[in-house]
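Reader: I would like to learn how to read helices and sheets in a model. Please show me the structure and take the features one at a time.

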Amino acid sequence: MTPLLEVTNLYKHFDISGGLLDQLQFEGGRIVRKKTTVKAINGVSFDVHPGETLCMVGESGCGKSTVARTVLGLYEPNQGEIRYKGERIDNLPPSKMRAFRAKMQMVFQDPYASLNPRMKVQQILEEPIKIHKAAATSKEIAEKISEVMKDVGVDPHWKNRYPHEFSGGQRQRISIARALMVDPEFVVADEPISALDVSIQAQILNLMMDAQEERNLSYLFITHDLSVVEHIGTRVAVMYLGTLCELSSTRKLFESPRHPYTQALLSAIPRLDEEKPNHIKLKGEVPTPIHLPSGCVFHARCPLANERCKQEIPKLLTIEENLQVACHAVEEQRD
Amino acid sequence: MLLDVKNLEVTFALRSGPVQAIRNISFSLDRGERLGLVGESGAGKSVAGFSILNLISQPGFISGGEIFFEGKNLIKMSEKELNTIRGDRISMIFQDPMMTLNPVLTLGTQMTEIVRTHHKLSKKEARSLAIETLRQVHIPTPEKRIDQYPHELSGGMRQRVVIACALISKPALIIADEPTTALDVTIQAEIMDLLLELCESENMGLILITHDLSVVAQMTDRIAVMYAGKIVEIGKTQQVIRESQHPYTQGLLKALPQKRFIGKRLNQIDGSMPSLLSMPTGCSFHPRCPILDDRCRAERPSLQDCRLEGHQAACFKVEGK
């Protein structure tokens with residue numbers, strides 16, 4: 001099966017050094033010019049199969065949102081390749097990229113920020129069609145709008161209202177509707193439910209699962225909520241400080257996490273049926289992506305780390321079918 | 001009994017008319033007991049927590065009820081008397097540590113200010129007490145950290161400092177408003193550990209305000225579930241989670257993804273919480289309730305004892321004692 005999306009060895013660094021005067025530093029009696037870069041993604045490779053939900057999890061600052069945005073071409077990668085159905089899309093000019101953008105849509109985290117407050121729902125929903133399907137008549141557009149609004153559970157009679165007249169859950173429905181307007185194949189959802197209340201989260205998750213079934217969508221689902229991942233993910237990619245540590249099927253990951261970071265992360269989820277917290281304690285803090293540690297980025301906090309981990313960057317190795325881990329300790333079967 | 005809240009009501013005088021954010025709630029807390037106030041946004045859980053120290057800002061005010069703390073009625077107290085309790089006998093921990101700490105003062109300045117406001121201590125004594133408290137919340141090298149500014153610390157460290165600020169005067173009660181919501185899961189687990197450990201070693205009471213049922217499940221002895229300004233269910237933590245009585249609590253618990261139903265549709269509660277401006281008649285949950293009848297539309301249920309020990313629910317459908 002050819003993957004829908006293939007990402008190979010992706011790098012994205014951001015230059016945050018600012019203007020010339022900010023870059024100048026006094027060092028060893030001389031003035032030197034120094035650049036500061038945030039190394040947000042460092043050699044990430046993964047693929048998304050048709051019809052699946054690939055969940056990407058990690059803590060804040062691990063680069064999961066940057067991956068999502070780079071995949072859709074909102075950021076330009078520094079290095080690496082992104083292929084959609086076998087065609088390379090990371091180096092396309094905007095005019096050629098547009099055809100792919102109609103197939104790949106995005107749902108953002110905050111439904112209060114992602115909808116233009118000065119546009120009516122109808123205007124919000126017709127914009128993607130006007131851009132991607134210029135030939136559509138106004139009647140077709142109106143029909144499509146009421147069809148999609150019904151699908152996401154917003155009454156089509158409300159199309160002349162403004163976003164502020166809707167609740168958070170309703171707004172997230174509208175932003176999902178906007179993504180569905182152009183009949184995409186692939187939807188990137190960046191924390192689509194984390195700004196919502198528990199009872200509303202269930203509504204939106206159900207909506208997304210229904211839409212996937214009806215339209216055969218593939219999702220790249222970015223989240224920090226591991227119980228949601230367990231519920232909807234086909235496969236899970238765990239990120240730490242800009243690198244992938246583990247990529248495996250959801251069932252395998254939750255039954256027997258292999259990477260020491262995944263183990264700590266899973267043990268930290270509070271569970272309803274536990275009366276006392278019981279988690280693996282990690283030493284230290286997450287280093288900044290400005291000064292990346294040498295070797296494995298996790299080595300300073302890892303209970304299994306040794307000299308090799310300090311020197312050599314671990315590669316994502318296939319341990320068994322549907323299970324890839326980037327860890328020297330797992331590779332050597334260290335205990 | 002440490003804290004006894006009786007028939008508390010909080011009203012906001014809006015231009016469109018008065019709006020009741022807290023409608024007649026009562027709960028109590030023993031010394032060293034931990035209570036979770038749970039609910040979705042707009043349920044009134046934060047307002048309930050803030051009203052204990054009368055921290056409700058205009059146009060809101062406490063419009064009725066009594067709050068007894070160590071036998072004294074906090075509502076009858078003047079602002080000056082209340083200030084001897086705030087930050088000394090009762091401390092608060094807020095959600096966002098970056099908003100709580102003053103960015104232009106060192107940790108030491110902020111922490112010593114708290115103790116020196118309440119107690120006659122020299123600067124030197126206050127400083128060594130601050131260092132001791134920072135050590136208690138597991139901050140490495142507190143002698144150095146005390147002269148740093150908040151921006152020099154990570155998010156988890158900052159929340160530890162906020163906890164240290166709350167702890168420094170050895171309060172009898174801590175009110176924590178979403179103390180781990182702004183943090184990552186691994187940091188959240190550390191902060192939860194720390195709070196539990198301190199509550200137990202210092203025999204402090206804790207009111208934990210949060211939307212996250214799994215956090216309260218691990219942290220508290222009892223849970224009060226709030227909906228639209230009222231407590232709809234209150235009881236022992238594990239009892240509320242395993243044998244919830246109120247349809248709202250049941251719905252909330254079923255809406256969480258569970259191991260048994262992976263990949264299936266989640267049980268959703270349709271609709272959303274009513275706005276305080278347009279409260280439904282009768283039970284405020286009835287428009288979303290799966291088991292309502294005519295009585296629920298007309299009459300307002302109050303908290304009643306149910307068949308479980310120490311467990312109350314506000315629902316006509318719940319079996320009484």
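Reader: What should the 13 residues of helix H6 (residues 168-180) of chain A span, at 1.5 Å a residue?

Author: First, this is a predicted model, in which local features need pLDDT of at least 70, side-chain atom pairs count only at pLDDT 80 or more, and totals for chains, interfaces and linings use all residues. Residues are numbered from 1 along each chain as its sequence is written, while chains are lettered from A and ligands numbered from 1 in the order in which they are written. Helices (H or I, at least four residues) and strands (E, at least two) are DSSP runs, numbered from the N terminus. The expected span of a helix is 1.5 Å times one less than its number of residues. For H6(A) that gives 18 Å, and the end C-alpha atoms are 19 Å apart, which agrees.

Reader: How many residues of H6(A) are buried?

Author: A residue is buried if 20 or more other C-beta atoms lie within 10 Å of its own, exposed if 12 or fewer, and partly exposed in between; C-beta atoms are placed from the backbone. In H6(A), 12 of the 13 residues are buried, so the helix is mostly covered. Among them are Gly169(A), Ile174(A) and Leu180(A).

Reader: What do the buried residues of H6(A) pack against?

Author: Contact means that two C-beta atoms, placed from the backbone, lie within 7 Å. The partners include helix H4 (121-132), helix H5 (138-151) and strand S9 (186-190) of chain A.

Reader: At what angle do H4(A) and H6(A) pack?

Author: Two packed helices are described by the angle between their axes and the distance between the axes. Axes are lines fitted to C-alpha atoms, for helices over the stretch in contact, and angles run from 0 to 180 degrees between N-to-C directions. Here the angle is about 25° and the axes of H4(A) and H6(A) are 8 Å apart. H4(A) and H6(A) are therefore roughly parallel (under 35 degrees; over 145 is roughly antiparallel, 65 to 115 roughly perpendicular, the rest oblique). Val121(A), Ile124(A), Leu125(A) and Pro128(A) in H4(A) meet Ile174(A), Ala177(A) and Arg178(A) in H6(A).

Reader: What is the order of the strands in the open sheet of chain A?

Author: Two strands pair if DSSP finds at least two bridges between them. The 8 strands run S8-S9-S10-S5-S11-S12-S14-S13, with mixed pairing. Strand S8 (104-107) and strand S13 (317-320) are the edges, each pairing on one side only.

Reader: In which sense do S5 and S11 of chain A pair?

Author: Strand S5 (residues 53-57) and strand S11 (residues 235-240) pair in the parallel sense over 4 bridges. Leu54(A) has Arg235(A) as its bridge partner in S11(A).
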